[in-house]
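Got the viewer open and a selection box ready? Let's take a walk through this structure, one stop at a time.

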Amino acid sequence: MLHNFYELKSAALKKQPQRMAVVFPHDLFVMEAVLDAYKAGVVKPILIGDQYIISELLEQFNDIKIIHEKDPLKASRIAMDLVNTEQADIIMKGLIDTHYLLKAVVNDQFGIKKSKLLSHVGLVSYSDFNRVLFITDGAMNIAPNVNDKIHIIENVIFLAHALGDDRPKVGLVSAVEKVNPKMQSTVDAKEILSHYKKNENLSFDIDGPFAIDNLVSLESVLHKGLSGPVAGNANILVFPNIESGNVFYKTSVFLAHAESAGIVMGAKVPIVLTSRADTKEAKLNSIYLAVVIS
């Protein structure tokens, strides 16, 4: 189980430098994060975009490879080609609309989609909490159905295992702990559990529906008389829809001052996809995350 982002950085520093294609690094925070990761020895950047803008931001780092391309679609295609020819291990989104990059990722001819569904995982770490929480999906899949949620779970389990968690604990988030036909998230949770009960050799624990308090607070679990390995101990929170996941993630960052990272799973390589509002530290954490699992 990942306890904090210091552990994440430490794991990244132990790996060989990974080749990271950055699409449109035309943003100061993006470039600062990339350069910090470069100076730490965890990535070898390949910067794709307007060479004149990039050069102004780079200053003295003249040994970093730049591929000049001002068109966002063409720049995204170049990143895909680098992955497909095994010249890049990670992709990072810079100052470019997410639509352009993901359109290239899922392209039937040159895209790099590997799983049936791409999904976003946000990581948040609080100063007074004993573990990092994995939040999915608060950025990509708007209203996932049961099958979508199963793919989302498979993606985040792959991530947790890659980070060294042998048995992650997955909580299916709702507002209550009982199935209510009028509350679709509880109905979905019941179906998801039925799906996984068919497999006796799961490498993770999963339970739900649960309200947030009963996934992260043992005191709340004891008070309500709940039980099971996930109750009060979840480190993966699967949200009903993009609104709930996004609100939880951003509330954690902007009000609870949590450290954060974000990544897209389901492609041939990790995709660092952060918000323009994210700090340099969040972008750097996301790069460390991609390096560890690449």
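Start by typing in S185, which has its place in helix 7. Keep in mind as you go that you are looking at a predicted model. Is S185 buried or exposed? Its relative accessibility is 14%, so S185 counts as buried. Now show what surrounds the residue: if you ignore neighbours within four places in sequence, S185 is in contact with V173, S174 and P240.

**Helix 7 and the strands on either side**

Widen the selection to residues 184-197, the whole of helix 7. Add strand 7 and strand 8, and you have a β-α-β unit, right-handed, with helix 7 as its helix. The two strands deserve a look of their own. Select residues 169-173 for strand 7 and you'll see that this strand runs parallel to strand 8, with four bridges joining them. To find one of these pairings, click on K169: its bridge partner in strand 8 is D205.

Next, colour strand 8, residues 205-210, by accessibility. How many of its six residues are buried? Five of them are, so strand 8 is largely enclosed by the rest of the structure. While you're there, zoom in on P209, which lies in strand 8. The peptide bond joining G208 and P209 is cis, with omega at about 5°.

**Helix 6 against helix 7**

Bring in helix 6, residues 146-162. The axes of helix 6 and helix 7 are 10 Å apart, and the two helices pack at an angle of about 60°. That angle makes helix 6 oblique to helix 7. Which hand does the crossing of helix 6 and helix 7 have? Their crossing is right-handed.

To see where the two meet, show side chains on both. From helix 6, pick V146, K149, I150, I153 and E154. Across from them, in helix 7, pick D188, E191, I192, H195 and Y196.

**V238, and a cis bond on the way**

I153 is a handy stepping stone, since it is one of the residues that V238 touches. Select V238 now; its place is in strand 9, residues 236-238. V238 has a relative accessible area of 3%, which means it is buried. Not counting residues up to four places away in sequence, V238 touches T136, I153, V170, G171, L172 and V173. Measure from V238 to L172 with the distance tool: their C-alpha atoms are separated by 5.1 Å, although the two are 66 residues apart along the chain.

T136, another of the residues touched by V238, is worth a click too. A cis peptide bond joins T136 to D137, with omega at about 0°. Where is D137? Look in the loop between strand 6 (133-136) and helix 6.

**A second β-α-β unit**

Jump back along the chain and select strand 2, residues 43-49, together with strand 3, residues 65-68. These two pair in the parallel sense over four bridges. For a landmark, take I46, which stands opposite K65 in strand 3. Now add helix 3, residues 51-58, and you have a right-handed β-α-β unit made of strand 2, helix 3 and strand 3.

**S125**

Select residues 119-125 for strand 5, and pick out S125 in that strand. With 7% relative accessibility, S125 counts as buried. Leave aside its neighbours within four places in sequence, and S125 is in contact with H3, N4, F5, V132, A258 and E259. For one more distance, run the tool from S125 to A290: they are 165 residues apart in sequence and 17 Å apart in space, C-alpha to C-alpha.

**Two loop residues with positive phi**

Finish with a pair of backbone oddities. The first stop is F24, in the loop between strand 1 (18-23) and helix 2 (28-39). F24 has a phi near 60°, a positive value in a residue other than glycine. Its relative accessible area is 9%, so F24 is buried.

Then go to H257, in the loop between helix 10 (242-254) and strand 10 (259-265). Phi of H257 is near 60° as well, again a positive value in a residue that is not glycine. Is H257 buried or exposed? At 63% relative accessibility, H257 counts as exposed.

Note on methods: Residues numbered from 1 in each chain as written. Predicted model: local features only at pLDDT ≥ 70, side-chain atom pairs only at ≥ 80, totals over all residues. Heavy atoms only, no water. Buried < 20%, exposed > 50% of the residue type's maximum accessible area, 1.4 Å probe, protein only. Contact = heavy atoms within 4.5 Å. Pairing = 2+ DSSP bridges. Right-handed = clockwise from strand over helix to strand, strands pointing away. Axes fitted to C-alpha atoms, helices over the stretch in contact; angles between N-to-C directions. Parallel < 35°, antiparallel > 145°, perpendicular 65-115°, else oblique. Left-handed = near helix turned anticlockwise from the far one by under 90°.
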